[in-house]
Amino acid sequence: MVDALEGRFFLAFIALTEEKSFSRAAERLGYVQSTVTTHIQQLEKIIGHKLVHRYPRGIELTDAGKVFAKYAYQYVHLIQSLDEHIHELDEPSGTIRIRTQESFFLTRMLPCIQEYTRNMPNVNLRIEHGTHQDILNSVLDYELDYGIVPQNPNRHELHFYPIVEETIVLVASEQIAQNVRDLGAQILNNQLFISNGTSCLYHTSAVDVLKEAGVTVKDALELPSLEMIKQYVGCGKGFALIPEIAILNELETGTLQILPFAPTMSFTHGLITHKNREHSPTAKGFQAALMDYYHR
């Protein structure tokens, strides 16, 4: 099998896995679509298993494809890391993949990234957003160099490096907050709870706190971005759990208010990486720069 496998097959498979489309994978790699199709067919012949199911709207990995994906990412990463080590680059370069929650990136990480990219113009930082579980799974499957998650996952396969403690608060419009002060938290039983979705750690934490206060979430709305959540709640539509740092302006103007019944909630955000991942010098330099920024 080793003699028959070629790097371009792995690149085609990864592009197809991420793009979910033969045509988009081909465009990304600068190939014609038939080339990607041929590479995948050759891989399936070498592996001895079908790797993808092809549907009119895209592709889906088979069970064998899901297993192969984990090793494909490791293979490509090792080759990239080897290239950097061999050439002993004077200037850090290459691609670093990192995934974090949108709210953390906007409120805590953006200044750090701006500083890093000014100092390291040849490094391609590929920053993505996702939920806590999505980030965790992608690091475990070797898809990412790093992830930033809101708490220590306590997994033996991972390193966790604490970055910053985040205070999370339940917020609503001035009118809803006043109703809670006058009538108690139970009035929230009839209000819409807005979050990034049930896969978000903040959501599950809020549900537990609300339950202790006698509030049952009966109606929830999932919105994709922090700004949408803030704007929706500010219009008097329900309530949400949001990082306090993200609403300092709204608290000052009174657009949003912290609900008075909930205890202080905090999460220790940290950088995670797989213990078995061989990081390039560039990736190690990025990690050092990130930790230095948050611990100044």
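**A walk through the predicted model**

In this predicted model, N189 touches G214, V215, T216 and K218, leaving aside residues up to four places away in sequence. N189 itself is found in the loop between helix α7 (174-183) and strand β7 (193-195). Its relative accessibility is 17%, so N189 counts as buried, the cut-off for that class being under 20%. With G214 there is also a polar approach: a polar atom of the N189 side chain lies 3.5 Å from the backbone oxygen of G214.

Strand β7, at the end of that loop, leads to the next feature. The model has 1 cavity of 30 Å³ or more, and the largest cavity holds about 80 Å³ of space. Its lining is made up of S103, I194, S195, N196, C200, Y202, H203, L226, I229, L241 and P243. Four elements give two or more residues each to this lining: β7, α8 (201-212), α9 (226-234) and β9 (239-243). Sorted by class, the lining has 7 nonpolar and 4 polar residues, and no charged ones.

The aromatic rings come next. The structure holds 9 aromatic pairs. One of them joins F13 and F68, whose ring centres are 4.9 Å apart and whose planes meet at 85°, an edge-to-face arrangement. This pair links distant parts of the chain, since F13 sits in helix α1 (residues 7-19) and F68 in helix α4 (residues 63-87), 55 residues apart. F13 has a relative accessibility of 1% and therefore counts as buried; F68, at 9%, is buried as well. A second pair is formed by Y202 and F267, with ring centres 5.2 Å apart and planes at 45°, so this pair is tilted. Here too distant parts of the chain are linked: Y202 belongs to helix α8 and F267 to strand β11 (residues 265-274), with their positions 65 residues apart. Both Y202 and F267 are buried. Y202 is also one of the residues lining the largest cavity.

F13 and F68 have further aromatic company, as F10, F13, F68 and Y75 form one aromatic cluster.

Helix α6 remains to be described. In this helix, which covers residues 132-140, the buried residues are H132, I135, L136, S138, V139 and L140. Just after α6 comes Y142, where the backbone takes a positive phi of about 65°.

Note on methods: Residues numbered from 1 in each chain as written. Predicted model: local features only at pLDDT ≥ 70, side-chain atom pairs only at ≥ 80, totals over all residues. Heavy atoms only, no water. Buried < 20%, exposed > 50% of the residue type's maximum accessible area, 1.4 Å probe, protein only. Polar contact = N/O pair within 3.5 Å; in protein donor to acceptor, adjacent residues only side chain to side chain. Contact = heavy atoms within 4.5 Å. 1 Å grid on protein atoms, 1.4 Å probe; cavity = no way out; pocket = protein on both sides within 12 Å on 5 of 7 lines; lining within 4 Å. Points joined across faces, edges and corners; volume = space filled by probe spheres on them. Nonpolar A, V, L, I, M, F, W, Y, C, P; charged D, E, K, R; others polar. Phe/Tyr/Trp six-rings, centres within 6.5 Å; stacked < 30°, edge-to-face > 60°.
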